[in-house]
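Please look through the structure below with the following walk-through beside it. The text takes one chain, then the other, and ends with some backbone details.

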Amino acid sequence: MRVVIAEDAAVLRELLFQMLDDRGYEVCAAVGDPDALRAAVTRHRPDAAVVDIRMPPTHTDEGLRAAIDIRRELPDTGVLLFSQYVETKYVTRLLADGSAGVGYLLKERVANIAEFTSALDRVADGGTALDPEVVTRLAAAGRKAAEMDTLTARERDVLSRMAEGRSNAAIADALHVSAGTVEKHVAAVFGKLGLPASDDDNRRVLAVLKFLRD
Amino acid sequence: MITARVSGVPAVLRMPLRRRSWREAIHCLLGAPLGIGGAVLLLVLLALGLGFALSLLGAVLGLLLLALATALARGLGAVHRALAGRLLGIWIAPAPACPAQPGLGVLGRLDARIRDGPAWRQVGYVVAKLPLAVCGMYAVLFWVVGVFNLAAPVRWAVPWLRGDDSGLMLLTPLPFGGSPVVHSFAGTLFGVPLGAGVLLVAPWLTRAVARADVRLMQALLGPGALAERVRDLEETRALAVDDSAALLRRLERDLHDGAQVRLVTLALSLDMIRGKLSEERPPDPQAVLRLVDGARENATAALAELRDLSRGLHPPVLDDGLADALASLTERSSVPVELTVDVGERPSPAIETIAYFCVAELLTNVIKHSGAARATVSAERRADGTLRLRVTDDGRGGARSRPEGGLDGLRQRVRTVDGTLDVTSPEGGPTVVSVDLPPHA
């Protein structure tokens, strides 16, 4: 899998490069600012880009803006943003065009390499990877639609893990229940949120968006 | 216009030719009718107003006239300020405006006008300007008399200026003694030294009047000491707030770009090491060692950055007093520093902190910019309780306080506690920066 890294701190950028390289990713470019990121993505057409949100020149949301551009121009490129803070405003902007192929993780998650690379894989495959912290904040910050209140605590738990971008099997693992139980919860969520039975994955995305946006 | 640069002529003789003298004379000339007319009008208004106000029947009319008088005084004050600014180059800040009190009705507004303290000070100015304006007229008369006498031979030579045969009149600027009359061309030559003499005195008189006027304006037309102080405090408070906001922003940025990155990198290295060690096949010791070295390096760097940051916030040695803190500061300097500290009773902690960071920044300047071989730092308590810091170096000098520059930032920080900063730094050095701080913030 081909990856571009954009991170302005050289020490972290180099170690990320090394780590991804070790794990068999092909790192096409490792850059330190948003313009170089745009150029690298246009040139190499990677499967995914790992992007720091705060980059020069203003160190505010350069990475986010570059990510939104990339998603718009090259929708096949997954973008995994990472940053030291969770800003719900950023996520809302990121998710405005849909949740496919985007991810947002706290920077410290890179220390759990397995989790980090699985998030990167999901994003490259057009899935979603949201930091649990991001999901909690978003869910707490947003104004809830009436139907959200009808969910049980367990169902909401399952839904927030779906929002993180996890599969049913992964959710079952994390909650220490059987896959069947998770499927039952998921079906209940779809029912309560009024999502008609159709393509399962599409309903997942819709449910998550409803959960995060309301 | 005749320029002021007539070289080789003594300054006293050049006085009547200097542009500044002319401007002062014009100020006296224009100020006289304005001063006399304005004062008379104002006095009439005041007298009428007071008269009506004291008589029970016309009290409201009287108060209206008084309010009108204060408004007039404000207007006249503005004209006088503009005149002084244009002609004398002395711009006096306007007095604070009459506080608007909406919703009080006509009587409320009238009340506010009559209680308008700054306006009454302007009334005081307009009244005090009256005798000054008369003096100004008299001073201008000296110019006229001087030119009139100086031109006596010319007046004799031009028949229609000479008039009839009763002789040519010369003038003296004195209000008594009459006017000498001459009857020959040789006699008119007597007017030349007389005119020149008067003309040499004239600029000094107009200058004296202009100076007195400026004093009067500064005392009565300006915002007043209290209002100045309020403005000063507002300004320095804004500086202090901006300064602390900037400090917090810098702190966040330093943490974000420094220690936080180091720690994330350290955590990542640890997980990479863990990955290497838990592989099925035996790990490559060199690769693991490299990762461990990197991790250690990042941990050490994070510690160093955090230490620098916390010392930048508050050096712990400052708790033991300024003497110890300055000693530790100067010991670390790469330019040899001779330190003398005699501060007596300890200033308040805020002052100690400001003093410390002033010296730190000034020493950094010395090291970075001056090229000095040695420097001295002294901190002493003066008789009036002021803490005086002085940093000198034998470097190349030429240090300037420019906007947005380091010295200017320092000056602003010092101002927030009513301190002052002075820089003496001729080209070629030496540079002396002294900072005076009050003992308590």
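**A walk through chains B and A**

Helix α4 of chain B, residues 105–114, has B:Gly108, B:Leu110 and B:Ala112 among its residues, and these three are buried. Part of what covers the buried residues of α4(B) is α3 of chain B. The coordinates come from a predicted model, and everything said here about burial, pairing and angles refers to that prediction.

Chain B as a whole is described by a few totals. Its secondary structure consists of 15 helices and seven strands. The chain has 441 residues, of which 37% count as buried. If contacts in chain B are restricted to residues at least 6 apart in sequence, 68% of them join residues at least 24 apart. The area that chain B exposes is about 24,500 Å², and 64% of this is supplied by carbon and sulfur atoms.

Some of that nonpolar surface can be located. Which residues make the nonpolar surface patch of about 580 Å²? The patch is made by B:Val40, B:Val44, B:Leu48, B:Phe52, B:Val60, B:Leu61 and B:Leu64. Two elements of chain B, α2 (19–54) and α3 (59–88), each give two or more residues to the patch. Helix α2(B) has the largest share, with four residues. One patch residue, B:Val44, lies in helix α2 of chain B. B:Val44 has a relative accessibility of 43%, so it counts as partly exposed, since that class falls between the limits of under 20% for buried and over 50% for exposed. Helix α3 of chain B thus appears twice in this account: it gives residues to the patch, and it is included in the cover of the buried residues of α4(B).

Further along chain B there is a sheet. Five strands form it in the order β3-β4-β5-β7-β6; the sheet is open and its pairing is mixed. The strands at its edges are β3 (337–342) and β6 of chain B, each of which pairs on one side only. From one strand to the next, the twist averages 10°. In general, strands of a sheet pair through backbone hydrogen bonds, and the pairing is either parallel or antiparallel. Strands β6(B) and β7(B) run antiparallel and are joined by five bridges. Across this pair, B:Asp422 stands opposite B:Ser434 in β7(B). Helix α15 of chain B, residues 406–415, packs on the sheet and touches β6 and β7 of chain B. The direction of α15(B) makes about 150° with that of β6(B). Another helix, α13 (residues 322–331) of chain B, lies across β3, β4 (375–381) and β5 (387–393) of chain B. Helix α13(B) runs at about 175° to β3(B).

Chain A also has a sheet. How are the strands of this open sheet ordered, and is the pairing parallel or mixed? Six strands of chain A follow the order β2-β1-β3-β4-β5-β6, with parallel pairing. Strands β2 (26–31) and β6 (128–130) of chain A are at the edges, each pairing on one side only. Neighbouring strands are turned against each other by 20° on average, with direction ignored. Within this sheet, β1 (residues 2–6) and β3 (residues 48–52) of chain A pair in the parallel sense over four bridges. A:Val3 stands opposite A:Ala48 in β3(A). Helix α3 (residues 62–73) of chain A packs on the sheet, where it touches β3, β4 and β5 (102–106) of chain A. The direction of α3(A) makes about 170° with that of β4(A). Helix α1 (residues 10–22) of chain A lies across β1, β2 and β4 (78–83) of chain A and runs at about 175° to β2(A).

The remaining points concern the backbone in loops. In chain A, a cis peptide bond with omega of about 5° joins A:Pro56 and A:Pro57. A:Pro57 lies in the loop between β3 and α3 of chain A. In chain B, a cis peptide bond with omega of about -5° joins B:Gly429 and B:Pro430. B:Pro430 lies in the loop between β6 (420–424) and β7 (431–437) of chain B.

A:Arg45 is not a glycine but has a positive phi of about 45°. A:Arg45 lies in the loop between α2 (34–44) and β3 of chain A, and with a relative accessible area of 53% it is exposed. A:His176, also not a glycine, has a positive phi of about 55°. A:His176 lies in the loop between α9 (168–175) and α10 (179–192) of chain A; its relative accessible area is 72%, so it is exposed.

Key
Residues numbered from 1 in each chain as written. Chains lettered and ligands numbered in written order. Predicted model: local features only at pLDDT ≥ 70, side-chain atom pairs only at ≥ 80, totals over all residues. Heavy atoms only, no water. Pairing = 2+ DSSP bridges. Axes fitted to C-alpha atoms, helices over the stretch in contact; angles between N-to-C directions. Contact = heavy atoms within 4.5 Å. Patch = residues over 30% accessible without salt bridge, like charges linked within 9 Å, V, L, I, M, F, W, Y side chains within 5 Å. Areas by Shrake-Rupley, 256 points an atom, 1.4 Å probe, with all protein chains shown as cover. Salt bridge = Lys/Arg side-chain N within 4 Å of Asp/Glu carboxyl O. Buried < 20%, exposed > 50% of the residue type's maximum accessible area, 1.4 Å probe, protein only.
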